[in-house]
Amino acid sequence: MHRNFRSLAGALLAALLGLGAGSAAAQAPVKLRFSHTVPESDSQHKAALEFAKRVKERTGGAVEIQVFANSQLGNDVTLVTGVRSGTIDIGATGNPFVTGLAPKLNALDLPYQFADAQQAYRTLDGPVGRSLLDELGTHQIKGLAFWEIGFRSLGNNKRPINGAADIKGLKIRTTPNPSHLKAFQLLGANPQPMPFAEVFGALESGAVDGQENPPTLMLSSKMYEVQKYLSLTRHAYTPLVVIMNKARFDALKPEFQKAMLEEAAAAANFQRKLNNDGEKDAIAQLRAKGMQINETPDVASIRQVVREETRRMYVEKNGDAVLKAMDAQP
């Protein structure tokens, strides 16, 4: 009888310890890795830190996001592959690096598609943007939100760019977006698609003559060290797509999923404000560091060459439904 009591007590104790271990495991925070490819001084990184902070606060510490900057976990191509496979939980990359999976998203990068940032935001944050993010769902990716790279302008180390004719013959690093490649081909340039992490070295070695990015990103990545000229062509707007491994997202509690989506959207507004507030200062700093900047190039001459032809190419491949919905935005 005494032995039976001890056995029963031991079994109860083991069960209680097991329940305690299970409870502790249930309370352990969900840890997620967030990767992006730009320096820590850039607005993308600041937005990622803000996103991580807000998610942790909102979930009471149940979800912790660690941010890895500057291609620490790989370049843009590796990042997308990592998010799809689950080796990276969350990533932020330029829209052109996901359009190989979901070509309809190429509409967002079409040259001179958006007249200004506010028009872009209305599209990205509305039904059109959400439907485009959802295109990624069949590729093991959950689209969380659109942040931004911004309006792209043309920098190079060969000559000032005053209009379309000055672009001819330049070797320009571009994204892999088909419309960007086509646009520079139409302008007589030699486009060279490559991940962002390789751009500085390519400019330094002379493998390319120039690149096209917003002034804020040119400043944070020290492009002024390897190029002399900047022309504010603002020839295309590029969203930054914040993506998550879909299985990882689906495994979160519904209230945590809601927090991820809403805080990703809030961080978009946070980052856009940083960019809008910082662009004039970035241009001034680039000029102070020795770049020759043309703030009023002949944009019409460039638009005339590239806009309609790249739109036509997009419609041939993807139909016109997305463009019609975008054009209907105020």
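Helices and strands are DSSP runs, numbered from the N terminus. By that numbering, Q140 is placed in the loop between α5 (127-134) and β4 (141-156). The model is predicted, and its overall features are given before the return to this loop.

The protein chain contains 12 helices and nine strands. Its C-alpha trace spans about 100 × 45 × 30 Å along the principal axes. Of the 330 residues in the protein chain, 52% are buried. Contacts between residues at least 6 apart in sequence were also examined. Of these, 75% join residues at least 24 apart.

In soluble globular proteins, nonpolar side chains tend to be buried together. Here, the largest nonpolar core has 46 residues. Those with the most contacts inside this core are F34, F51, I65, I90, L144, W147 and M260. Helix α10 gives the most to the core, with eight residues. Another core lies apart from it and has 30 residues. Among them are I88, F97, L105 and V128.

Helix α10 also packs against another helix. Helix α4 (residues 117-125) and helix α10 (residues 254-288) meet at an angle of about 170°. Their axes are 13 Å apart. Angles over 145 degrees count as roughly antiparallel, so α4 and α10 are roughly antiparallel to each other. Their crossing is right-handed. On the α4 side, the contact is made by Y121, L124 and D125. On the α10 side, N269, R272 and N276 take part. By class, the residues of this contact divide into two nonpolar, two polar and two charged.

R272, found in helix α10, can be followed in more detail. Its relative accessible area is 3%. Buried means under 20%, so R272 is buried. Neighbours within four places in sequence aside, R272 is in contact with Y121, L124, D125, F146 and E148. Y121, L124 and D125 are the residues that α4 brings to its contact with α10. E148 is 124 residues from R272 along the chain. The C-alpha atoms of R272 and E148 are nevertheless separated by 6.9 Å.

Q257 also has its place in helix α10. Its relative accessible area is 19%. With the cut-off for buried at under 20%, Q257 is therefore buried. Leaving aside neighbours within four places in sequence, Q257 is in contact with F249, D250 and L252.

A second helix pair was examined. Helix α6 (residues 178-186) and helix α11 (residues 299-318) pack at an angle of about 140°. Their axes are 9 Å apart. Roughly antiparallel requires an angle over 145 degrees, and roughly perpendicular covers 65 to 115. The pair α6 and α11 is therefore oblique. The crossing of α6 with α11 is right-handed. From α6, the contact involves P178, S179, K182, A183 and L186. From α11, it involves V305, V306, E309, T310, M313 and K317. This contact has six nonpolar, two polar and three charged residues.

V322 lies in helix α12 (residues 321-327). V322 has a relative accessible area of 13% and is buried. Not counting residues up to four places away in sequence, V322 touches K104, A107, L132 and Y314. S131 and V322 are 191 residues apart along the chain. Their C-alpha atoms are separated by 9.5 Å.

Two loop residues were examined for backbone geometry. Most residues other than glycine have a negative phi. Q140 is not a glycine, yet it has a positive phi of about 65°. Q140 sits in the loop between α5 and β4. Its relative accessible area is 38%. Partly exposed residues fall between the cut-offs of 20% and 50%, so Q140 is partly exposed. K222, also a residue other than glycine, has a positive phi near 60°. K222 is found in the loop between α8 (215-220) and β8 (229-245). With a relative accessible area of 43%, K222 is partly exposed.

Methods: Residues are numbered from 1 along each chain as its sequence is written. This is a predicted model: local features need pLDDT of at least 70, side-chain atom pairs count only at pLDDT 80 or more; totals for chains, interfaces and linings use all residues. Side-chain values use heavy atoms; hydrogens and water are left out. Axes are lines fitted to C-alpha atoms, for helices over the stretch in contact, and angles run from 0 to 180 degrees between N-to-C directions. Helices (H or I, at least four residues) and strands (E, at least two) are DSSP runs, numbered from the N terminus. Angles under 35 degrees count as roughly parallel, over 145 as roughly antiparallel, 65 to 115 as roughly perpendicular and the rest as oblique. A crossing is left-handed if the near helix is turned anticlockwise from the far one by less than a right angle, and right-handed if clockwise. Contact means heavy atoms within 4.5 Å. Ala, Val, Leu, Ile, Met, Phe, Trp, Tyr, Cys and Pro count as nonpolar, Asp, Glu, Lys and Arg as charged, and the others, Gly among them, as polar. A nonpolar core is a set of buried Ala, Val, Leu, Ile, Met, Phe, Trp, Tyr and Cys residues joined through side-chain atoms within 4.5 Å. Buried means under 20% relative accessible area, exposed over 50%, partly exposed in between (1.4 Å probe, protein chains only).
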